[in-house]
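Please read the sequence alongside the three-dimensional view that follows, and keep both at hand while the text moves from charged pairs to helices and then to the surface.

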Amino acid sequence: MSKVVVFDHPLIQHKLSILRDEKTSVKVFRELISEIAMLMCYEATRDLPLEEIEVKTPVAVAKCRRIAGKKLAVVPILRAGLGMVDGMVSMMPNVKVGHIGLYRDPATKEPVKYYFKMPADIAERDVIVVDPMLATGGSAAAAIDFLKEAGAKHIKLMSIIGAPEGVARMQEAHPDVDIFVAAMDDHLNENAYIVPGLGDAGDRIFGTK
Ligand code: PRP
Ligand code: URA
């Protein structure tokens with residue numbers, strides 16, 4: 001069974017409280033999504049392998065550790081996942097970025113794929129899928145199906161807000177994929193929106209409502 005990590009760091013929780021507020025502007029909402037993704041990135045990459053190197057300081061030779069050339073990819077689920085990419089890239093400037101376009105059919109609530117573009121060597125990369133909302137889990141589970149079809153083997157999911165329903169669906173479909181969230185909310189409403197959640201993440205990032 002996969003690991004579910006809920007971040008309780010005060011900085012993340014403080015930013016999340018502003019993010020949820022319906023009065024928060026598009027500008028601030030965008031900035032917060034990016035900042036929270038950056039903070040979550042620290043923990044989600046905690047298991048990156050390190051190698052020992054020697055570095056000559058102005059005083060002496062220091063034994064240091066650096067990331068051991070692990071190949072990574074960040075894969076946002078469009079649209080809302082795009083909001084998390086800048087924060088991740090600011091922590092990992094050389095990371096490759098793939099894109100999966102999915103939208104939830106308003107009637108069935110099931111994801112519909114419209115775009116899929118990955119780095120050519122995605123099968124050799126560890127992948128972090130990013131999407132602010134894990135509601136029914138349909139989008140995340142489908143995105144990870146497509147990634148596995150493309151050959152990806154080591155995948156993590158990073159969402160800002162999760163619902164128990166989405167976590168359960170993910171764990172059933174992809175028990176090998178660890179899940180990182182900044183908050184685990186209560187339930188889904190009749191429109192499959194997370195309660196209390198933050199509303200429609202894509203609309204709030206891009207100002208489309
Ligand atoms: C939102 C969100 C997730 C999905 C979560 O995207 O960004 O991708 O819903 O819901 P689920 O867990 O029930 O699948 P949406 O389909 O609204 O598309 P958008 O990002 O283009 O607005
Ligand atoms: N997608 C969103 O953007 N918000 C929700 O609460 C659920 C799905």
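With which residue does R66 form a salt bridge, and how far apart are the closest N and O atoms? In this predicted model, the partner of R66 is E51, and the closest N and O atoms of the two lie 2.8 Å apart. The pair ties together distant parts of the chain, since R66 belongs to strand β3 (residues 61-67) and E51 to strand β2 (residues 50-56), with their positions 15 residues apart in numbering. R66 has a relative accessible area of 44% and is therefore partly exposed, and E51, at 31% relative accessibility, also counts as partly exposed, because that class covers values between 20% and 50%.

This pair belongs to a wider set, for a search of the whole structure finds 15 salt bridges. Side chains of opposite charge can pair when their charged atoms come close. Another such contact joins R125 to D121, where the closest N and O atoms are 2.8 Å apart. R125 is buried, because its relative accessible area is 8% and the cut-off for burial is under 20%. R125 and D121 also take part in a network of salt bridges that links them with K71 and E124.

A further salt bridge brings the side chains of D203 and K209 together, at 3.7 Å from N to O. The two partners are covered to unlike degrees: D203, at 13% relative accessibility, counts as buried, whereas K209, with a relative accessible area of 84%, is exposed.

The helices can be followed next, beginning with helix α2 (residues 26-44), which packs with helix α3 (residues 82-91) at an angle of about 45°, their axes being 7 Å apart. At that angle α2 and α3 are therefore oblique to each other, and their crossing is right-handed. Helix α2 also meets helix α1 (residues 10-20): the axes of α1 and α2 come within 10 Å and cross at roughly 155°. That angle makes α1 roughly antiparallel to α2, because angles over 145 degrees are classed in this way. The crossing of α1 and α2 is left-handed.

What remains is a feature of the surface, where V4, V6 and M184 make a nonpolar patch of about 200 Å². Of these residues, V4 has its place in strand β1 (residues 4-6), and at 33% relative accessibility V4 counts as partly exposed.

Methods: Residues numbered from 1 in each chain as written. Chains lettered and ligands numbered in written order. Predicted model: local features only at pLDDT ≥ 70, side-chain atom pairs only at ≥ 80, totals over all residues. Heavy atoms only, no water. Patch = residues over 30% accessible without salt bridge, like charges linked within 9 Å, V, L, I, M, F, W, Y side chains within 5 Å. Areas by Shrake-Rupley, 256 points an atom, 1.4 Å probe, with all protein chains shown as cover. Salt bridge = Lys/Arg side-chain N within 4 Å of Asp/Glu carboxyl O. Helix = DSSP H or I, 4+ residues; strand = E, 2+ residues; numbered from the N terminus. Buried < 20%, exposed > 50% of the residue type's maximum accessible area, 1.4 Å probe, protein only. Axes fitted to C-alpha atoms, helices over the stretch in contact; angles between N-to-C directions. Parallel < 35°, antiparallel > 145°, perpendicular 65-115°, else oblique. Left-handed = near helix turned anticlockwise from the far one by under 90°.
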